[in-house]
Structure formats: C-alpha cells, structure tokens
Amino acid sequence: CIQDDGQTLTPSDPIIIGESSVEELQEKYVFTYYSSLSSAVTDVNNGTIGTNADTTKEDATAGIYTNNGQVYVVLLKDTTLDTRISPSVDMTINLGGNTLSYNGNDTMVMYVTSGNLIIDGRLEGSKVELISTNENLNHFAQIAAGNTTIIGGIYNISLNSEIGVGFTVVN
C-alpha cells in the first residue's frame, strides 16, 4: 500500500500502481472520450463529465473514467497543448505511455488552483516535453492550492522550467 495524506491506496487500483495498460483499463472501466485533454480537464473541474465529450474511442486524445469516487483522465495518444490546463479538483492524469508536449505562450503548463493532482507517468513511454520557444515559460506547474504528486515518467523540462513548491516526486 502507498500512504498519502492518510488515504491508503490499495494494490487493486491499477492506475495507482501502474500495472495496467490503457487497453486493460478501457476493458475494465467505462470511458468518456474527448478530442482534447483541455476539454476533459474542464469537464472534470466543472463536475460535468461527458458535457464536452465529442469523439470516438478510435479518435480520442483523452478519456475519463471513475473508480470508487476518484476521477482519472488518461492520455490516449501523443498530444501537444497550446494553452495551459488548470486542474481545480482532485484528479489523476495518467500519461498512458504517451508524450504530452507544450507549445503555448503561458508561463506554465499547468496551473493547479485547488484539489489534489496526481500525474502518473509509470506506463512505459510516458513523458512531458516543453517545446515552446516562449521565453516566459519557466514552470511546468504552479500550485496555488492543493498538492501535486508526480509518479514516474520522463519530464523534459527546458527553458529554466522547474518543479516547484507544492510538488512531491515519487520514483
């Protein structure tokens, strides 16, 4: 078991222990599919999962499923963000063995306004790349409130980006 803020995460939760492939998760859980990661995160923030769902499993960039009251956003293919995302409720973003790239003009990729965010990069091939030429991009994420935990993955953080206050990194 992994202990985090008094909550015990059991080995039966595949997204936490990183033992299941995306395909296995799709067989086990009902997914809602999105053409963009931003739309998926927005629906989770607003408590309206499915409102902006707009694509099929085959064409989806991201999918959402829930398990025991927890919300999981899974990246289903390599994708590039042009604007930052702002998780504001408890959620796990699973990179799903894919690359999340950022090529926008914000100063950070993620702005966490509240809630607890887990970025799970344990599936092989999971990574985050900052490819923007924006001189002002200097943080992977800013944590205004809540906590962010990064588990596994490769983070190509360039342009003086840093993992700052509010982060827990678990290898």
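## Leu 123 and its loop

In this predicted model, Leu 123 is placed in the loop that lies between strand E10 (116–120) and strand E11 (127–130). Although a loop residue, Leu 123 is buried, because its relative accessible area of 15% falls under the 20% that serves as the cut-off. The C-alpha atom of Leu 123 is separated by 5.8 Å from that of Gly 96, a residue 27 positions away along the chain.

## The protein as a whole

The protein contains three helices and 15 strands, and buried residues account for 44% of its 171 residues. Among the contacts with a separation of 6 or more, 60% are between residues 24 or more positions apart. The accessible surface comes to about 8,300 Å², and carbon and sulfur atoms contribute 43% of that area.

## Strand E5 and its partners

Strand E5 (residues 70–75) is largely enclosed by the rest of the structure, since five of its six residues are buried. On one side of the pairing scheme, strand E4 (residues 62–67) runs antiparallel to E5 and is joined to it by six bridges, with Thr 66 standing opposite Val 71 of E5. The hairpin formed by E4 and E5 has two residues between the strands, and within this hairpin Asn 68 adopts a positive phi near 50 degrees.

E5 also pairs with strand E7 (residues 91–94), here in the parallel sense and through three bridges. In this second pairing, Val 73 is the residue that stands opposite Ile 93 of E7.

## Val 73 and the nonpolar cores

Which residues touch the most other members of the largest nonpolar core? In this core of 30 residues, they are Leu 37, Val 73, Ile 93, Leu 100, Met 110, Ile 119 and Phe 140, a list that includes both Val 73 and Ile 93, the residues that face one another across E5 and E7. Helix H3 (residues 37–46) supplies four residues of this core, which is the largest share.

When residues up to four places away in sequence are not counted, Val 73 touches Leu 37, Ala 40 and Val 44, as well as Ala 62, Gly 63 and Ile 64, and in addition Met 91, Thr 92, Ile 93 and Asn 94. Apart from the largest core lies another one, made up of 11 residues, among them Leu 25, Phe 31, Tyr 65 and Leu 76.

Conventions. Residues numbered from 1 in each chain as written. Predicted model: local features only at pLDDT ≥ 70, side-chain atom pairs only at ≥ 80, totals over all residues. Heavy atoms only, no water. Buried < 20%, exposed > 50% of the residue type's maximum accessible area, 1.4 Å probe, protein only. Pairing = 2+ DSSP bridges. Core = buried A, V, L, I, M, F, W, Y, C linked by side-chain atoms within 4.5 Å. Contact = heavy atoms within 4.5 Å. Areas by Shrake-Rupley, 256 points an atom, 1.4 Å probe, with all protein chains shown as cover.
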